[in-house]
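Dear colleague,

I am handing over the structure below, and after it you will find a short account of what turned up when I looked at how its parts meet. Please read it with the structure open beside you.

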Amino acid sequence: MNKGLEVARGKTKVLYENPGQPDVLVVQALDSITAGDGARRDEIPGKGRIAAKTTARVFRLLNMCGLPTHYLSGGEDDDDNEMIVRRCTMIPLEVVVRGVAAGSLVRRKPTIARGSLIVPRMVEFFFKDDANHDPLIEPDDIVAQGLASPQEIGIMSEVARITFEILAHAWRRHETVLVDLKIEFGRLVGGENRGNLVIADVIDNDSWRIWPQGREELMLDKQMYRNLETVTPEDLDRVRSNYEYVAELAGRFPTTRTTTAALFADGPQGVALLDPVLRALSPFGLQTLRRVVSTHVIPGYVVQAAQQLDATFPRTIYVASGPQLAAMLGAATPSPVFDATEYEADELAIAVGKTLALDDTVMFGRTLLVQANARSAILQADAQLNAPPHMPNTNLA
Ligand code: 5GP
């Protein structure tokens with residue numbers, strides 16, 4: 001890839017300018033693996049390529065869910081350890097989400113049993129400072145030191161929690177528990193969303209703890225390298241093959257099954273009733289189609305139309321404009337059927353999302369994001385009642 005000047009260099013990656021595109025950078029992943037804030041360092045040939053693959057796949061999943069990330073393209077080909085990302089100014093914080101107690105948490109809080117579930121998830125901030133071993137930092141101090149505003153801390157916590165839940169869902173589908181996760185944020189330097197927070201840096205097998213079948217001794221992540229007393233070439237081979245396996249599994253994260261939402265109106269007067277549903281479904285990115293049928297005039301056609309769609313599309317969800325039509329469709333098809341008069345349009349769209357989310361991580365993520373934005377809209381409306389005009393928009397995406 002055509003690269004310009006080096007912009008920054010970390011322990012496991014180098015950032016370059018992208019000639020002619022000032023708002024875009026190239027991230028090159030290196031073959032290094034480090035532990036103890038750089039005290040231990042080894043080279044694993046091919047690790048950069050594997051790390052880029054994992055990061056690209058994770059970011060592509062998050063982008064598909066609608067979360068804001070800096071990732072644009074690249075990193076997934078076999079001969080490619082470079083990604084194209086939007087340029088940001090990094091916030092020097094590591095944002096850690098924990099779903100199971102491990103690592104520095106159980107060292108700091110011995111009363112929390114290692115391996116115990118953490119619900120609700122815990123979000124912690126660490127100040128990036130290798131010389132002082134990335135100390136824990138409280139939100140008050142983040143604000144006092146001018147690292148981020150209270151509003152940005154709120155957004156980082158919420159986005160980090162959603163990211164964790166999406167990746168935990170993706171890993172659960174591989175019978176693996178996501179124990180904890182570290183992400184970093186930056187502020188976009190250009191474009192129409194200039195200044196907005198995005199998930200930046202990398203998210204790869206160095207960034208999380210993952211325990212297949214919930215068993216720590218089967219760990220696939222960087223902790224196995226951190227735990228080594230001495231490092232032999234055989235150890236590095238084992239680390240490499242785990243990293244390769246993780247990249248391969250992550251390849252199955254950013255996939256979604258084509259789903260059709262079929263909106264059935266009971267007579268022409270039912271069509272307008274379905275318009276708000278159509279709008280509410282749009283963040284879920286489903287293929288949608290509308291039909292006008294009639295339970296009174298041509299009941300046989302209702303059944304025929306549904307059976308035709310079931311036979312045509314791999315996965316269909318029906319929304320009926322009223323209870324009679326919903327009952328008729330319910331009997332005609334094995335696919336899920338919703339009655340639009342039973343729900344507000346937004347609730348109905350979330351119910352559809354949840355149904356699909358059971359076995360589809362992208363739909364799971366989109367549902368979480370729609371729910372989070374709905375919460376944020378209520379809180380914002382409440383705050384605006386008493387706030388001065390021109391409140392910033394706190395929507396997550
Ligand atoms: P802990 O605070 O328990 O050591 O780590 C919590 C989570 O953050 C773990 O998933 C760990 O892998 C990740 N993490 C902590 N510090 C770093 C770091 O400096 N680099 C990376 N890549 N991950 C980290």
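**Where the two domains meet**

Domain 1 and domain 2 bury about 1000 Å² between them, and 65% of that area lies on carbon and sulfur atoms. Please keep in mind while reading that this is a predicted model.

To place that interface in the chain, domain 1 covers residues 6–250, while domain 2 covers residues 260–382. The centres of domain 1 and domain 2, taken over C-alpha atoms, are 37 Å apart, and where the domains touch, 13 residues of domain 1 are in contact with 13 residues of domain 2.

Which side chains meet in a salt bridge? They are those of R375 and E158, with a distance of 3.2 Å from N to O, which is within the 4 Å that the rule for a salt bridge allows. Across the interface of domain 1 and domain 2 the rule finds one salt bridge, and it also finds five residue pairs in polar contact there, both residues being at pLDDT 80 or more.

On the side of domain 1 that touches domain 2, α1 (47–65) and α4 (150–172) each supply at least two residues, and the largest share, seven residues, comes from α4. Sorted by character, the residues on this side of domain 1 comprise seven nonpolar, two polar and four charged ones.

With best wishes

Technical notes
Residues numbered from 1 in each chain as written. Predicted model: local features only at pLDDT ≥ 70, side-chain atom pairs only at ≥ 80, totals over all residues. Heavy atoms only, no water. Domains from an automatic or database assignment. Contact = heavy atoms within 4.5 Å. Buried area = accessible area lost by both parts, 1.4 Å probe. Polar contact = N/O pair within 3.5 Å; in protein donor to acceptor, adjacent residues only side chain to side chain. Helix = DSSP H or I, 4+ residues; strand = E, 2+ residues; numbered from the N terminus. Nonpolar A, V, L, I, M, F, W, Y, C, P; charged D, E, K, R; others polar.
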